[in-house]
Amino acid sequence: MSVLTPEMRQEAEELRRDWATNPRWKGVKRDYRPEDVVRLRPSVKVEYTLAKRGAEKLWQLLHERPYVHTFGAYTGAMAVEMVRAGLEAIYLSGWQVAADANLAWQTYPDQSLYPYNSVPQIVKRINNALMRADMIERSEGKVTRDWYVPIVADAEAGFGGALNVFELTKAMIEAGAAGIHYEDQLASEKKCGHLGGKVLVPTFQHIRTLQAARLAADIMGVPTVIIARTDAEAATLITSDIDERDRPFILPGERTPEGFYRVKNGLEAGIARALAYAPYADVIWMETSKPDLEEARKFAEAVKKEFPDKLLAYNLSPSFNWKKFLDDETIAKFNRELGEMGYKFQFITLAGWHTVNYYTWELAKGYKTRGMPAFVELQQKEFLAQAQGFTAVKHQREVGAGYFDEVVLALTQGEASTLALKGSTEEAQFNEPVH
C-alpha cells in the first residue's frame with residue numbers, strides 16, 4: 001500500500017472528520033478508509049457541479065418535502081416540460097433507455113442489453129436541455145425557476161462486477177446525476193422487476209456493489225444519493241448459497257439447469273435484504289408485484305424499526321393494472337400515505353414512454369381519419385395551456401432561436417440583418433396576448 005504524502009494525510013484526516021461529524025453521513029457505513037479514497041483521487045481536484053448541486057438538492061428535498069414524486073423522462077424536451085409543470089426531480093429509467101433511447105439505436109426489453117454508457121449519455125442530454133431552458137430565460141431577462149432539478153438515474157445491476165459499478169458510477173456523476181440506484185440481480189441475467197426469471201446475487205455481493213458506488217462518489221467528492229433496490233419479493237433464483245443471510249430463503253436440494261438455487265421469495269425475503277443493505281445505502285427500495293399499501297406499510301415498519309432515519313423509495317409502476325387492485329379513493333391517497341410511511345422518493349418509471357406512445361397514437365389516428373382538424377385541436381389546447389405556463393407552442397423560441405439571435409447581436413453589437421426570429425412566422429402569428 002502506498003505511503004501518503006503529508007498533504008494526502010491531511011486530506012484524509014479532513015475526510016475522516018467529515019464522515020464522523022457531517023449529518024449527511026449519519027447511518028452510512030463504509031468498509032474502506034479515508035486514506036483509500038485519497039490515494040485513488042487525482043492530484044487535480046475536478047469539480048462536478050451539476051452532480052454535486054443535484055445531490056445536495058435531492059437530499060434536501062427528501063428531508064423537507066412530505067415526498068418527492070416524479071416520473072421517467074428519456075428526452076431533454078420531456079424533462080423541460082416536467083420541470084416547467086412543477087416537478088422537482090427527474091427519474092431516468094433504464095427500461096425507457098432500453099426501449100427507445102440507447103446508444104445501440106435498438107429497441108430492447110429491459111434486460112441490460114444496451115451499451116452500458118447509454119444512461120449517462122441521457123443524463124447529460126437532459127442536463128443540457130435544462131441548461132438551455134435556463135439560458136433562454138436569462139437571455140430574455142427573466143428566470144422563472146431553478147431549472148437544474150436533480151436526476152435520479154437507473155444503473156441497472158451494474159453491467160458486471162464491482163469495477164463495472166465503480167466506472168459506471170463515475171460516468172453518471174460526470175454526466176450530472178444526483179442519485180443512482182443499483183439492484184441486487186445477477187447482471188448477466190438482469191430482468192425488469194416485473195418480468196420472470198430474475199436471479200439474485202448473494203447479499204454480500206450487492207453490498208460490495210453499493211460500496212463500489214459509494215467509493216466512486218467519494219473519490220469524485222460528490223455526495224451522490226445511493227439507492228439500494230432489492231428484487232427479493234419476486235425473484236425465484238439465486239446464484240449461490242454462500243451467504244448465511246440468504247440460506248433461510250434457499251430451497252434445499254433444488255437447482256436449475258444453469259446451476260442456480262431456487263429461493264422462497266416474498267416480503268420477508270425483501271425485508272431481510274433491505275436490512276442488510278441499509279447501512280450502505282441512503283435510500284432503500286423493494287420492487288413489488290402490485291400496488292399494496294399494507295405490504296408497503298409492513299416493509300416500512302420493518303426497516304424503520306432498525307433504521308428509523310432511513311429513507312425509502314417506491315416504484316409506482318405502469319406494469320401494475322392500478323384499477324384492478326385499487327379503488328379511486330385509495331389511488332387518490334396513495335402518494336400521501338406512502339409519504340407518511342417514509343417513502344420519500346416516489347416515481348412512475350415508464351410514464352414518459354406511455355405518454356409519448358398514447359398521445360402520438362391519438363394524434364396519428366385523428367389525423368388519419370380527419371386530417372388537419374386533429375392537429376389544430378392539439379394546437380388550440382397548446383394555446384389555452386399558455387395561461388398555465390406552457391411555452392412550447394412557440395417551438396422556435398423553445399429550442400433557442402432567440403438565444404442564438406442574442407449571440408449574433410452580441411458579436412455584431414446590434415448590427416445584424418440575419419436574425420432568425422425577426423420576420424419569422426412565429427413572431428408574426430404566435431405573439432397574441434394570452435387570455
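This is a short dialogue on how to read a predicted model of a protein.

Q: Where should I start, and how many helices and strands does the protein have?
A: Start with the overall make-up. This predicted model contains 17 helices and twelve strands. Along its principal axes, the C-alpha trace spans about 75 × 60 × 40 Å.

Q: What does the radius of gyration tell me about the protein?
A: Compare the value with the one expected for a compact globule. For 435 residues that would be near 22 Å, and the protein has 24 Å, which agrees.

Q: What share of the residues is buried?
A: A residue counts as buried when its relative accessible area is under 20%. Here, 50% of the 435 residues are buried. The accessible surface comes to about 21,600 Å², and carbon and sulfur atoms account for 54% of that.

Q: How can I read the contacts between residues that are apart in sequence?
A: Take the contacts between residues at least 6 apart in sequence, then ask what part joins residues at least 24 apart. In this protein that part is 72%.

Q: Which residue carries the "active site" feature, and where is it in the chain?
A: An unreviewed UniProt entry places that feature at Cys 192. Cys 192 sits in the loop that runs between strand S4 (179-183) and strand S5 (199-200).

Q: Is Cys 192 buried or exposed?
A: Cys 192 is buried, because its relative accessible area is 9%, and the cut-off for buried is under 20%. Setting aside neighbours within four places in sequence, Cys 192 is in contact with Trp 95, Asp 110, Lys 198 and Arg 229.

Q: How do I read a helix such as H4, and what covers its buried residues?
A: Count the buried residues, then look for what lies against them. Helix H4 (residues 76-84) is mostly covered, with seven of its nine residues buried. Among them are Met 78, Val 80 and Arg 84. Their cover includes strands S1 (68-71) and S2 (90-92), along with helices H6 (118-139), H13 (351-370) and H15 (395-398). After H4 comes Gly 86, with a positive phi near 115 degrees.

Q: Which residues other than glycine have a positive phi?
A: Two examples are Trp 105 and Gln 413, each with phi near 55 degrees. Trp 105 belongs to the loop between helix H5 (94-100) and H6. Gln 413 belongs to the loop between helix H16 (401-412) and helix H17 (425-429).

Q: Are Trp 105 and Gln 413 buried or exposed?
A: Trp 105 counts as exposed because its relative accessibility is 74%. Gln 413 also counts as exposed, at 66%.

Conventions
Residues are numbered from 1 along each chain as its sequence is written. This is a predicted model: local features need pLDDT of at least 70, side-chain atom pairs count only at pLDDT 80 or more; totals for chains, interfaces and linings use all residues. Side-chain values use heavy atoms; hydrogens and water are left out. Helices (H or I, at least four residues) and strands (E, at least two) are DSSP runs, numbered from the N terminus. The radius of gyration is taken over C-alpha atoms; the globule rule is 2.2 Å times the number of residues to the power 0.38. Buried means under 20% relative accessible area, exposed over 50%, partly exposed in between (1.4 Å probe, protein chains only). Contact means heavy atoms within 4.5 Å. Accessible areas come from the Shrake-Rupley method with a 1.4 Å probe; for residues, only the protein chains shown count as cover. UniProt positions are given in the numbering used here, feature names are shortened, and annotations may be inferred rather than shown by experiment.
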